[in-house]
Structure formats: structure tokens, C-alpha cells
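Trainee: Got a minute to go through this one with me? I'd like to start with a loop and then zoom out.

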Amino acid sequence: MSLPKHSKIINKVALIIFKEYGIERKGQSRTWLDDQYWFTTIIEFQPFKDRQGTCLNVGINFHWYEKEYFSFDIGNRESDFIDFKNEEQFQSEIESLVEKALKRTLELRNKMGDLKNAQNTILNHEFASDNLWGNYHRAIICGLNNELMKSKQYFNLILKDDFDTPWAKELKKRVSELKNELKDTSNFKVRINEIIEKTRNEKKLNEIEMKNVW
């Protein structure tokens, strides 16, 4: 089945602009990935049912919790919906949209490129389910920065939370295990790398050389 014109335009423009930055298309979708080993920035040209066009979502997905799917841990919608009216109009608007996506992606890459900058960003971000997932991300980044007391404090906030859904119970189980690893910083970092590698495999990400960030 042939792709509609508006999807072809999105894919063509994105390929031209993203290629030199190592940002790759996810399969045959309208999603592109900037893979930085321990996190990936997701660039999604979101389709809408019964409408020709797109809106833009850009966000970071961390790989230090084992799961097989992508999520927007940091990030949100970056544009209103752009309707396809004609090829010339749509291509012009998509070129601007892809440039906006690239700018936002490079900003996130820069913020996370250094662990101290990453920690500052993560500690000051309000996450969905902030008491659980937010504190998990804060605990991990503090541990990787050798701030063990801070890491333990964030892990303890999760363990004290009375949320008891199945996923929250599983999260708390993992937290207890990781908190125990904080007795040895090297072991903690090795364990986080093991989780990252397993998660990347489940998400079917390509193998890349580990970034020497911790």
C-alpha cells in the first residue's frame, strides 16, 4: 500500500535534515530516534485519524528501568496540528517543523551530555507520577554522580509511598534491589549498565559503543 503524500513529505524532509546528526527513523514509522545509549530522544510526527497532516512530539526516554516500550519521560507536544492542504504548503511547513524538532533534540542532547547537567535537569523536572517515577529517575542520576546519600533519600521516598498498584509494587521491588547496590558505587554503575543493555535489547535498539559518561 502506497504512503499518502503528506507522509512521504514528512519522511523525505526528516531524512534530509536528520541524517548528518545520526538521528534515525524507527522502522517504517513517522518516529525518529536520537540514541545516546542511556537515553533516547523520541521525535514523533504524530498522525491523527481521519486527518492528513501531523503534530510534533519530542521527548526523552530513559533506559535505566527495564521495559520493552518507549515513553516520554521528559518532553511534550511541540506544535499544533499541521493540515495538509497542498504539497507546496505542507513541505514548507514540515521543513520548519523538522528544523524545530532538530533544535529541541540537540538542546536535550546537550543537557544530557554531561552527568552534572543531566542531574540538574532531572532533579528540577516534574514528571508524570512524580513521587514514584520522578524520584526513581532522580535516585538513579544521583547514584551515577556518586551522590549516594541523595540517591538513597529519593529511593526511600518511593519505598514510603503507599501507592500499591502492580506496577508500583514492581517498581518498589526494583528500588529495594538498587538501593542495596549503593553500598558499592562501582557495583551500582555496573548494575545500571546491565539494566540499560537489557532494556535496549527489549526495545530493539541497535548496539552502540557505550558512552563513557560514568
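Trainee: Where does D50 sit?

Mentor: D50 is in the loop between β3, residues 39-48, and β4. Keep in mind that this is a predicted model.

Trainee: Buried or exposed, that D50?

Mentor: Exposed, because its relative accessible area is 73%, and the cut-off for that class is over 50%.

Trainee: And what about its phi?

Mentor: Phi of D50 is positive, about 65°, although the residue is not a glycine. S129 also has a positive phi without being a glycine, with a value near 50°.

Trainee: Where do I look for S129?

Mentor: In the loop between α3 (115-123) and α4 (130-144). S129 has 34% relative accessibility, so it counts as partly exposed.

Trainee: OK, zooming out. How many helices and strands are there in the protein chain?

Mentor: There are 7 helices and 6 strands. Going along the sequence, the order is α-β-β-β-β-β-β-α-α-α-α-α-α.

Trainee: What box do the C-alpha atoms fill?

Mentor: Roughly 60 × 35 × 30 Å, along the principal axes. Of the 214 residues in the protein chain, 46% are buried. The accessible surface is about 11,800 Å², and carbon and sulfur atoms hold 46% of that.

Trainee: How many positive and negative side chains does the protein chain have?

Mentor: 35 positive and 34 negative, with the centres of the two sets 2 Å apart.

Trainee: What share of the contacts links residues 24 or more positions apart?

Mentor: Such pairs account for 55% of the contacts with a separation of 6 or more. For a pair that is distant along the chain, look at Y69 and E202: they are 133 residues apart in sequence, yet their C-alpha atoms are separated by 7.8 Å.

Trainee: Where is Y69, and what does it touch?

Mentor: Y69 belongs to the loop between β4 (51-62) and β5 (74-77). Leaving out residues up to four places away in sequence, Y69 touches N61 and K203. Y69 is classed as partly exposed because its relative accessibility is 49%.

Trainee: Let's switch to helices. What's in α2 that I should click on?

Mentor: Try Q89, which lies in helix α2, residues 87-112. A polar atom of the Q89 side chain is 2.9 Å from the backbone oxygen of D83. Beyond the residues up to four places away in sequence, Q89 touches I82, D83 and F84.

Trainee: Why does Q89 count as buried?

Mentor: Because its relative accessibility is 16%, and buried means under 20%.

Trainee: Which helix holds K111?

Mentor: K111 is found in helix α2 as well. With a relative accessible area of 37%, K111 is partly exposed. Setting aside residues up to four places away in sequence, K111 touches R104, N117, A118 and T121. The C-alpha atoms of K111 and T121 are 7.2 Å apart, with their positions 10 residues apart along the chain.

Trainee: Last topic, cysteines. How many disulfides does the count come to?

Mentor: The count comes to 0 disulfides, with the cut-off for a pair of cysteine sulfur atoms being within 2.5 Å.

Trainee: And C55 and C142, are those buried or exposed?

Mentor: C55 counts as buried because its relative accessibility is 1%. C142 is buried too, with a relative accessible area of 0%.

Terms used. Residues numbered from 1 in each chain as written. Predicted model: local features only at pLDDT ≥ 70, side-chain atom pairs only at ≥ 80, totals over all residues. Heavy atoms only, no water. Helix = DSSP H or I, 4+ residues; strand = E, 2+ residues; numbered from the N terminus. Buried < 20%, exposed > 50% of the residue type's maximum accessible area, 1.4 Å probe, protein only. Contact = heavy atoms within 4.5 Å. Areas by Shrake-Rupley, 256 points an atom, 1.4 Å probe, with all protein chains shown as cover. Lys, Arg positive; Asp, Glu negative; His and termini not counted. Charge placed at Lys NZ, Arg CZ, Asp CG, Glu CD. Polar contact = N/O pair within 3.5 Å; in protein donor to acceptor, adjacent residues only side chain to side chain.
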